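Thank you all for making the time this morning. I would like to walk through one structure with you, starting from charged pairs and ending in the interior, so please keep the view open while I talk.

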Amino acid sequence: MTNDDIRLGDIIIEDDGGDIVLIGFPYDEGVRRNNGRVGAKFGPNSFRQLLKRTGTVVNAEYDDLDIRKYVKISDGGNINENLSLEEAHQQLEERINQLIKQGKIPFVVGGGNDQSYPNASALLNNSKSIYVINIDAHLDVRPLKENNKAHSGSPFRQLIEDQRFKSNTSNRFIEFASQGSQCSIEHVNYLRSKSPLTNIIWYQSIRNDPLTPFRSIIKSGEEDKCDIFVSFDIDSIISSSCPGVSAPATVGLSAEQACDIAFYAGQSFQVKLMDLSEYNPSIEEYRTGKLVTLIFYHFILGRAKAIRDSIK
């Protein structure tokens with residue numbers, strides 16, 4: 001590091017002391033259970049290696065925005081890697097629950113998308129009502145496997161069937177950038193049957209401008225005074241930019257659109273939690289990993305700008 005080239009990785013401390021706390025979920029057993037390609041368990045550690053040289057701390061494009069003045073970022077480490085998936089989910093929920101109680105914003109990097117139900121459950125423990133936005137080519141509302149085993153395709157059915165969620169008519173679950181070619185009509189009809197708690201925003205309807213409808217959802221959550229969880233499965237991003245996932249998308253969000261969405265999510269003070277799922281460095285590491293770290297950077301940049309703007 002030189003004083004004239006400080007990067008995001010240079011200012012991250014290793015504890016829970018940040019305003020935004022990075023947590024790794026190094027598990028892909030849920031992907032295996034869902035018949036996907038394993039390797040996402042290596043995602044969090046690969047992410048950290050690539051994060052070291054990501055993103056300038058002082059960004060001239062945003063009027064010399066200095067992240068250090070407004071946001072403290074820390075790395076709270078990984079969930080224990082030697083657990084059953086069920087135990088890992090429990091530890092993850094406890095960890096995120098603890099951070100939210102302390103007023104921190106957890107940013108969880110997986111790992112399989114099955115992480116998203118424990119994350120949402122932790123937010124439910126601490127909120128009067130919530131908005132959950134699943135940015136994903138898939139719906140992830142598949143039933144549990146035999147013996148009620150969760151998997152990477154089930155997290156949002158678990159959420160929707162959670163009594164804490166479905167009993168509160170102020171809660172909302174929004175599928176965002178879903179692709180009809182990737183979604184079973186049975187699962188679509190399941191979501192339709194849960195309206196108005198649920199809604200699907202199809203990729204075809206937003207592909208030219210996903211940011212405007214995303215902003216509209218965030219604004220609705222803010223107006224309803226709901227805590228917001230943004231869950232970003234990176235297989236919603238076109239595979240030419242994001243090949244390192246279990247199920248790459250031939251069409252999808254652009255890298256620029258993904259970063260814009262993360263930036264705007266960071267700008268909302270009602271966003272209390274974000275996760276990134278399905279980064280699989282065993283399939284492709286560098287290009288995908290750099291994009292994932294850039295999404296994280298833009299979330300932080302958005303939060304720093306919002307704080308600066310609020311005190312001008």
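Let me begin with a question: with which residue does D66 form a salt bridge? The partner is R68, and the closest N and O atoms of the two are 2.9 Å apart. Before I go further, please keep in mind that this is a predicted model, and that every value I quote is computed from it. The two partners sit in unlike surroundings, in that D66 is buried, with a relative accessible area of 11%, whereas R68, at 42%, is partly exposed.

Across the whole structure, a search finds 12 salt bridges, and I will pick out two others. One of them joins R7 to D5, with 2.8 Å between the closest N and O atoms, and D5 is partly exposed at a relative accessible area of 23%. The other is between the side chains of R33 and E86, at 2.7 Å from N to O. This pair links distant parts of the chain, since R33 belongs to helix α1, residues 29-33, and E86 to helix α3, residues 85-101, with the two positions 53 residues apart in sequence. R33 counts as buried at 12% relative accessibility, while E86, at 37%, counts as partly exposed.

Let me turn now to the aromatic rings. The count of aromatic pairs comes to seven, and one of these is formed by F176 and F214, which meet edge-to-face, at 5.7 Å centre to centre and with 70° between the planes. F176 lies in strand β7, residues 172-178, and F214 in helix α9, residues 211-223, so the pair ties together parts of the chain that are 38 residues apart. Both rings are out of reach of the probe by this calculation: F176 is buried at a relative accessible area of 0%, and F214 likewise counts as buried at 0%. Elsewhere, ring pairs link F47, F107, F296 and F299 into a cluster, and there is also a charge over a ring, where R157 lies over the face of Y190, 3.9 Å from the ring centre.

What, then, surrounds F176 in its own strand? Six of the seven residues of β7 are buried, so the strand is largely enclosed by the rest of the structure. On one side, β7 runs parallel to strand β6, residues 130-135, and five bridges join the two, with I133 having I174 as its bridge partner in β7. β7 also pairs in the parallel sense with strand β8, residues 198-202, again over five bridges, and here the partner of F176 is I201.

Several of these names come back in the interior. In soluble globular proteins, nonpolar side chains tend to be buried together. The largest nonpolar core in this model has 59 residues, and those touching the most other members are L8, I67, I133, F176, F214, F232 and F296. Helix α11, residues 286-311, gives the most to this core, with nine residues. If we take I67 as an example and leave aside residues up to four places away in sequence, its contacts include L8, I11, V57, Y297, I300 and L301. Apart from that core lies another, of 34 residues, among them V21, L139, C183 and L197.

That is where I will stop, and I am happy to go back to any of these places on the screen.

Definitions and conventions
Residues are numbered from 1 along each chain as its sequence is written. This is a predicted model: local features need pLDDT of at least 70, side-chain atom pairs count only at pLDDT 80 or more; totals for chains, interfaces and linings use all residues. Side-chain values use heavy atoms; hydrogens and water are left out. A salt bridge is a side-chain nitrogen of Lys or Arg within 4 Å of a carboxyl oxygen of Asp or Glu. Buried means under 20% relative accessible area, exposed over 50%, partly exposed in between (1.4 Å probe, protein chains only). Helices (H or I, at least four residues) and strands (E, at least two) are DSSP runs, numbered from the N terminus. Rings of Phe, Tyr and Trp (its six-membered ring) pair if their centres lie within 6.5 Å; planes under 30 degrees apart count as stacked, over 60 as edge-to-face and the rest as tilted. A charge sits over a ring if NZ of Lys or CZ of Arg is within 6 Å of the ring centre and within 35 degrees of the ring normal. A nonpolar core is a set of buried Ala, Val, Leu, Ile, Met, Phe, Trp, Tyr and Cys residues joined through side-chain atoms within 4.5 Å. Contact means heavy atoms within 4.5 Å. Two strands pair if DSSP finds at least two bridges between them.
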